[in-house]
Amino acid sequence: TSLFNFSKASRDGLQSWCRPCLAEAAKEYYWKNPEKHRAYANSREKINAALFFKRKKKNPSNYLYICAKSRAKKKGIHFDLKPEDIIIPKLCPVLGIKLRFSKGCATDFSPTVDRIIPTLGYIPSNIVVISKRANRIKGDATAAELYTIAKWLAKLTK
């Protein structure tokens, strides 16, 4: 490969500065102008966040599909879903709270894809959409553990 980047503006089709020199110049500029770089990065971040929220709001099932697929890939879990397999109810089937997306990070009211039996992975018959709060409570606990905790809490509040 060439030490020079391509350039449509030059006669020979290559930039006049080599890649290492361009990298060095970029580093120098960054350290001499950190406030400009920070301002630019912040403006790009705000634009990207706004676009991301629009897409999330426009097609929430697709958003949850992408998140689940990414998690499955990271964890090496079986994944066999399509966006249309993810049906988002108005209320969390566990806690009965209204599900809604937030503009920033996920909140307790955000919908999440939950694997009913974790070892089966993401397959249509093994997923349900519940609130992030319910998913966090459920975590990796078994039904017996959750029942034991519920009994303990009931005893404490009497």
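This report describes selected residues, ring pairs and contacts of the structure shown above, which is a predicted model.

**The nonpolar core**

The largest nonpolar core holds 16 residues, and those with the most contacts inside it are Leu-64, Leu-81, Ile-86, Val-113, Tyr-122 and Ile-127. The elements that give two or more residues to this core are H3 and E4, and H3 gives the most, with five residues. Val-113 offers a view of the surroundings of one core residue: leaving aside its neighbours within four places in sequence, Val-113 is in contact with Leu-64, Ala-68, Arg-71, Ile-86, Tyr-122, Ile-127, Val-128 and Asn-135.

**Aromatic rings**

The structure holds four aromatic pairs. In one of them, the ring centres of Tyr-30 and Trp-31 are 5.0 Å apart and the planes stand at 80°, so this pair is edge-to-face. The two partners are placed as follows: Tyr-30 counts as partly exposed, because its relative accessibility is 32%, whereas Trp-31 is exposed, with a relative accessible area of 66%.

Tyr-63 and Phe-101 also form an edge-to-face pair, with 5.5 Å from centre to centre and 85° between the planes. Tyr-63 belongs to helix H3 (residues 60–75) and Phe-101 to the loop between H3 and strand E3 (111–115), so this pair ties together parts that lie 38 residues apart in sequence. Phe-101 has a relative accessibility of 22% and therefore counts as partly exposed.

Ring pairs further link Tyr-65, Phe-79 and Tyr-122 into a cluster, and Tyr-122 is also among the residues with the most contacts inside the largest nonpolar core. A charged side chain meets a ring as well, since Arg-100 lies over the face of Phe-109, at 4.4 Å from the ring centre.

**Two buried polar residues**

Ser-131 has its place in strand E4, which covers residues 127–131, and with a relative accessibility of 0% it counts as buried. A polar atom of the Ser-131 side chain lies 3.1 Å from the backbone nitrogen of Ala-134. Not counting residues up to four places away in sequence, Ser-131 touches Cys-92, Leu-95, Ile-97, Leu-99, Asp-108, Ser-110 and Thr-112.

Asn-126 is found in the loop between E3 and E4, and at 2% relative accessibility Asn-126 likewise counts as buried. The side chain of Asn-126 reaches the backbone oxygen of Gly-121 at 2.8 Å. When neighbours within four places in sequence are left aside, Asn-126 is in contact with Asp-114, Arg-115, Ile-116, Ile-117, Leu-120 and Gly-121.

**Cysteines**

A disulfide is a covalent bond between the sulfur atoms of two cysteines. How many disulfides does the count come to? The count comes to zero, taking 2.5 Å as the limit between two cysteine sulfur atoms. For Cys-18, the closest cysteine sulfur is that of Cys-21, at 3.2 Å, which is too far for a bond. For Cys-92, a residue that Ser-131 touches, the closest cysteine sulfur is in Cys-67, at 17 Å, again too far for a bond. Cys-18 counts as buried at 17% relative accessibility, and Cys-92 counts as buried at 2%.

**Accessibility and separations**

The table gathers relative accessibility for some of the residues discussed here, together with Lys-74, which lies in helix H3.

| Residue | Relative accessibility | Class |
|---|---|---|
| Ser-131 | 0% | buried |
| Asn-126 | 2% | buried |
| Cys-18 | 17% | buried |
| Tyr-30 | 32% | partly exposed |
| Trp-31 | 66% | exposed |
| Lys-74 | 74% | exposed |

Two separations between C-alpha atoms complete the description. Lys-74 and Arg-44, which are 30 residues apart in sequence, are 27 Å apart in space, C-alpha to C-alpha. The C-alpha atoms of Asn-126 and Lys-57 are separated by 25 Å, with their positions 69 residues apart along the chain counted as the distance apart.

Definitions and conventions:
Residues numbered from 1 in each chain as written. Predicted model: local features only at pLDDT ≥ 70, side-chain atom pairs only at ≥ 80, totals over all residues. Heavy atoms only, no water. Helix = DSSP H or I, 4+ residues; strand = E, 2+ residues; numbered from the N terminus. Buried < 20%, exposed > 50% of the residue type's maximum accessible area, 1.4 Å probe, protein only. Polar contact = N/O pair within 3.5 Å; in protein donor to acceptor, adjacent residues only side chain to side chain. Contact = heavy atoms within 4.5 Å. Phe/Tyr/Trp six-rings, centres within 6.5 Å; stacked < 30°, edge-to-face > 60°. Lys NZ or Arg CZ within 6 Å of the ring centre and 35° of its normal. Core = buried A, V, L, I, M, F, W, Y, C linked by side-chain atoms within 4.5 Å.
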